[in-house]
Amino acid sequence: MARLHSLELLPDEAGQVAVRRQWQALRDAGLPSQLDHRGSSNAAHVSVVEAPALSSDALDVATARLGSLLPVTAVVGGVLLLGGGGGRVAMARPVQLSDDVVRRVLAVRVHVPERRHHGWVPHLTLARGLDRSDVPRALEALGDHDAALELRLASLRHWDPDAGEVTDLAR
């Protein structure tokens, strides 16, 4: 699969620490974790849109529509399993945002016709490639880490895999 450009909303430092504790709990249990992602761009985030390319128009709209709102409060709760068929899934936490934030995200997404997913499920990824049979162990490892959590999404960035660069669009 081609590497995709992405627009991402990132939690502030306290939120990064809270999510990394969950990543660490999975790793400590010997399970896949986003801590396994060794890239320098690896950070807890909510993807706004992913696509083979992002136009300057899409980046401008994102900066204007989303950047002007930051920081925003997000409520994180529960656990999601994402993925199609096969024996492996991604484990994530669903993120609830205000209607205004959702409307603005959708306004950005319409400027990216080649986007990877045509629906939007805001979430924070905890692990990819988790064997379905390990889901109960992963839930146990998370323990009280899966309790409801309030985060401040404080920045918007663009990941450009072609250049290998992250650009902060708004803080």
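Axes are taken here as lines fitted to C-alpha atoms, for helices over the stretch in contact, and the angles between them run from 0 to 180 degrees between N-to-C directions. In the structure, which is a predicted model, helix α2 (residues 56–65) and α3 pack with their axes 9 Å apart and at an angle of about 170°. Because angles over 145 degrees count as roughly antiparallel, α2 and α3 are therefore described as roughly antiparallel to each other. The α2 side of this contact consists of A58, V61, A62, A64 and R65, while α3 contributes R104, A107 and V108. By residue class, the contact of α2 with α3 divides into six nonpolar residues, two charged residues and no polar ones.

Helix α3 also takes part in packing beyond α2. The buried residues in α3 are V101, R104, V105, A107, V108 and R109, and the elements against which the buried residues of α3 pack are β1 (5–11), β2, α2 and β3. In general, an α-helix has 3.6 residues a turn, so residues three or four places apart point the same way. V102, which is likewise found in helix α3 (residues 99–109), counts as partly exposed, because its relative accessibility is 27%. When its neighbours within four places in sequence are left aside, V102 is in contact with L97 and W120. By contrast with these contacts, V102 and G87 are 32 Å apart in space from C-alpha to C-alpha, with a separation of 15 residues in sequence.

Among the strands, β1 and β2 run antiparallel and are joined by five bridges, with V49 in β2 serving as the bridge partner of L7. Five of the six residues of β2 are buried, so β2 is largely enclosed by the rest of the structure. A further set of pairings involves β5. Strand β3 (residues 72–76) and strand β5 (residues 88–96) run antiparallel and are joined by two bridges, and V75 has Q96 in β5 as its bridge partner. Strand β4 (residues 80–82) is likewise joined to β5 in the antiparallel sense, in this case by three bridges, with L82 standing opposite A90 in β5. The pairing of β5 and β6 is also antiparallel and extends over six bridges; within it, V89 stands opposite L130 in β6.

Strand β7 (residues 149–160) and strand β8 (residues 165–170) pair over five bridges, again in the antiparallel sense, and D160 has E165 in β8 as its bridge partner. Four residues lie between the strands in the hairpin of β7 and β8, where G164 takes a positive phi near 65°. A second backbone feature is the cis peptide bond that joins L70 and P71, with omega about 0°; P71 itself is placed in the loop between α2 and β3. As background to these two features, most residues other than glycine have a negative phi, and most peptide bonds are trans.

Side chains of opposite charge can pair when their charged atoms come close. A search of the whole structure finds seven salt bridges, and several of them are described here. In the salt bridge that E50 forms with R116, the closest N and O atoms are 3.4 Å apart. Since E50 lies in strand β2 (residues 46–51) and R116 in the loop between α3 and β6 (123–131), the pair ties together parts that are 66 residues apart in sequence. R116 counts as partly exposed, because its relative accessibility is 40%.

The salt bridge between D36 and R27 has its closest N and O atoms 3.3 Å apart. D36 is partly exposed, with a relative accessible area of 41%, and R27 also counts as partly exposed, at 31% relative accessibility. In the salt bridge of R171 with D168, the closest N and O atoms are 3.1 Å apart. Here R171 counts as exposed, at 68% relative accessibility, whereas D168 is partly exposed, with a relative accessible area of 43%.

Note on methods:
Residues are numbered from 1 along each chain as its sequence is written. This is a predicted model: local features need pLDDT of at least 70, side-chain atom pairs count only at pLDDT 80 or more; totals for chains, interfaces and linings use all residues. Side-chain values use heavy atoms; hydrogens and water are left out. Buried means under 20% relative accessible area, exposed over 50%, partly exposed in between (1.4 Å probe, protein chains only). Contact means heavy atoms within 4.5 Å. A salt bridge is a side-chain nitrogen of Lys or Arg within 4 Å of a carboxyl oxygen of Asp or Glu. Angles under 35 degrees count as roughly parallel, over 145 as roughly antiparallel, 65 to 115 as roughly perpendicular and the rest as oblique. Ala, Val, Leu, Ile, Met, Phe, Trp, Tyr, Cys and Pro count as nonpolar, Asp, Glu, Lys and Arg as charged, and the others, Gly among them, as polar. Two strands pair if DSSP finds at least two bridges between them.
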